[in-house]
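Student: Please take one part of this model and look at it closely. Start from a single side chain, then work outward to whatever connects with it or helps to set it in context.

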Amino acid sequence: MELISENRVFGGRHCRYSHSATTTNCTMTFAIFLPPFASAENPVPVLYWLSGLTCTDQNFMQKAGAMKLAAQLGMAIVASDTSPRGDTVPDDKAQAYDFGLGAGFYVDATEAPWSTHYNMYSYVVDELPALIESNFPVTGEKSISGHSMGGHGAMVIGLRNPNRYVSISAFSPISSPMNCPWGQKALAGYLGDDQSRWQVYDSAYLLAEKTHEIPLLVEQGTQDEFLVEQLKPEALINAANSSDSTLTLNMHEGYDHSYFFIASFIDDHLTWHAEYLGLV
């Protein structure tokens, strides 16, 4: 790993690192916040955050306002990038914002030329946590959260790996990528046209078919410009009802898709995750 930057914040440390990743076959960047007093003698649990389209590891750390409460709770936060990057990594020919660089969709691609690098599912599930747990004073206790495309990623990863995460939350998630334009474009591009291969990356499908109970908390603004066409939270409600799953979905009047929305309710999510992480 190579340290890119380090900042003191609320008595803890915010650091950015780059490293050579085997899953994505390129150099990846991540950010980690370590609360005060985190040490080898006092390791802390981790909340993994996945950001949305066009974002990097920096958006959440700089805009969400999460570190003050995380410092008080004794919770580390790790934010990954949203896709592989670099001169050798392919991008959408039209440089569209919703496919290619910045839009990895947290899948393991099977189609050329994407399959060489676009393996964000394996990076987030396997490689990044192994790196974090080997190099920082953290425990193996993990929760996962995210926004928009990252909300989709957090729910898919959490629902597919209930033995690895104690809780899942999401802000404005893409609830059913198989049934919205963003998801259909990404899944077809990365996985091919066989929609049976898309199902393992569709949160609503996974929730309806769930085999293990895991706490799930979702926030959604009523003035979100992507609510009707792309996000479709009703798909989660229907899936939870069909599988008798526990889902808390809070609709917030007047809120949009921005980080103003995330900053307004991030403390609620940190406190909620802290209960499952054994911090409160």
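Tutor: Start with D98. At 10% relative accessibility, D98 is buried, since the cut-off for buried is under 20%. Keep in mind that this is a predicted model.

Now its partner. D98 makes a salt bridge with K185. The closest N and O atoms of the two are 2.8 Å apart. Where do D98 and K185 lie? D98 sits in the loop between β5 (76-80) and α3 (120-135). K185 belongs to helix α5 (residues 181-191). The pair therefore ties together parts that are 87 residues apart in sequence. K185 has a relative accessible area of 33%, so K185 counts as partly exposed. In this bridge, then, D98 is buried and K185 is partly exposed.

Set that beside another pair. R16 and D57 also meet through their side chains in a salt bridge, at 2.8 Å from N to O. R16 is in strand β2 (residues 12-21), and D57 is in the loop between β4 (44-50) and α1 (58-63). That bridge therefore links parts 41 residues apart in sequence. Here R16 and D57 are both buried.

A third pair is E6 with R13. Their closest N and O atoms are 3.4 Å apart, and the two form a salt bridge. Are these residues buried or partly exposed? E6 is partly exposed, because its relative accessibility is 41%. R13 is partly exposed too, with a relative accessible area of 29%. These three pairs are among the 8 salt bridges counted in the model.

Go back to the D98 loop. That loop runs between β5 and α3. So look next at α3 and how it packs. Two packed helices are described by the angle between their axes and the distance between the axes. The axes of α3 and helix α4 (residues 149-160) come within 11 Å. They cross at roughly 55°. That angle makes α3 oblique to α4. The crossing of α3 past α4 is right-handed. Which residues make the contact? From α3 come Y121, V124 and V125. From α4 come V156, I157 and R160. By class, the contact of α3 with α4 has 5 nonpolar residues, no polar ones and 1 charged residue.

To sum up: D98 is buried, and its bridge to K185 ties its loop to helix α5. Helix α3 crosses α4 at roughly 55°.

Key. Residues numbered from 1 in each chain as written. Predicted model: local features only at pLDDT ≥ 70, side-chain atom pairs only at ≥ 80, totals over all residues. Heavy atoms only, no water. Salt bridge = Lys/Arg side-chain N within 4 Å of Asp/Glu carboxyl O. Buried < 20%, exposed > 50% of the residue type's maximum accessible area, 1.4 Å probe, protein only. Helix = DSSP H or I, 4+ residues; strand = E, 2+ residues; numbered from the N terminus. Axes fitted to C-alpha atoms, helices over the stretch in contact; angles between N-to-C directions. Parallel < 35°, antiparallel > 145°, perpendicular 65-115°, else oblique. Left-handed = near helix turned anticlockwise from the far one by under 90°. Contact = heavy atoms within 4.5 Å. Nonpolar A, V, L, I, M, F, W, Y, C, P; charged D, E, K, R; others polar.
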